[in-house]
Amino acid sequence: AVEALARRSRAPAARLVRPALPLLAAVLRHVAVYVGSDSGISHLAAAVGAPSVVLFTGATQAWHPWASNARPLVVTTGTLDEPDVARVLGAVNELLA
């Protein structure tokens with residue numbers, strides 16, 4: 001899913017692999033948009049003020065970040081669903097506008 005979104009996005013995408021927490025928080029403070037699943041990193045992104053699109057299943061949506069800069073979206077899991085990809089890209093483009 002990450003690769004599909006990166007290929008279809010008009011903006012450059014960076015992926016960090018296992019960064020130290022202070023570095024991760026600093027990078028997140030400066031991103032144009034963060035996209036991630038329900039995780040500690042997504043909550044950190046919202047907490048530091050990063051415009052965020054956070055992906056949830058219907059069962060976990062109650063745990064979404066409450067920050068106004070975070071856009072929680074319910075998506076399907078297990079398959080790459082084209083309508084979900086389009087909704088995620090739409091939310092990303094809204095935040096980039």
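Here are a few friendly notes on this predicted model, going from the sheet to the helices around it.

1. **The sheet.** A good place to start is the open sheet, which has three strands in the order 1-2-3 with parallel pairing. Its edges are strand 1 (34–37) and strand 3 (70–74), each of which pairs on one side only. From one strand to the next, the twist averages 20°.

2. **Strands 2 and 3.** Five bridges link strand 2 (residues 52–56) to strand 3 in the parallel sense. If you would like a pair to look up, take Phe56, whose bridge partner in strand 3 is Val74.

3. **Helix 4 on the sheet.** Helix 4 (residues 82–96) packs on the sheet and touches strand 1, strand 2 and strand 3. The direction of helix 4 makes about 170° with that of strand 3.

4. **Asp84.** This residue lies in helix 4. Is Asp84 buried or exposed? Its relative accessible area is 10%, and the cut-off for buried is under 20%, so Asp84 counts as buried. Leaving aside residues up to four places away in sequence, Asp84 touches Val74, Val75 and Thr76. Val74 is also the residue that partners Phe56 in point 2.

5. **The two sides of helix 3.** Which residues of helix 3 (residues 40–47) are buried? They are Ser42, Ala45 and Ala46. These residues lie on the same side of helix 3 because they cover an arc of only 95° around the axis. As background, residues three or four places apart in an α-helix point the same way, because there are 3.6 residues a turn. Gly40 and Ala47, on the other side of helix 3, are exposed.

6. **What covers helix 3.** The cover over the buried residues of helix 3 includes helix 2, strand 1, strand 2 and strand 3. Just after helix 3, have a look at Gly49, which takes a positive phi of about 95°.

7. **Leu28.** Helix 2 (residues 21–29) contains Leu28. With a relative accessibility of 4%, Leu28 counts as buried, because the cut-off is under 20%. Not counting residues up to four places away in sequence, Leu28 touches Tyr34, Ile41, Leu44, Ala45, Val48 and Ala50. One of these contacts, Ala45, is among the buried residues of helix 3. As for Ser42, it sits 14 residues from Leu28 in sequence, and the C-alpha to C-alpha separation of Leu28 and Ser42 is 9.6 Å.

Methods
Residues numbered from 1 in each chain as written. Predicted model: local features only at pLDDT ≥ 70, side-chain atom pairs only at ≥ 80, totals over all residues. Heavy atoms only, no water. Helix = DSSP H or I, 4+ residues; strand = E, 2+ residues; numbered from the N terminus. Buried < 20%, exposed > 50% of the residue type's maximum accessible area, 1.4 Å probe, protein only. Contact = heavy atoms within 4.5 Å. Pairing = 2+ DSSP bridges. Axes fitted to C-alpha atoms, helices over the stretch in contact; angles between N-to-C directions. Arc of directions from axis to C-beta.
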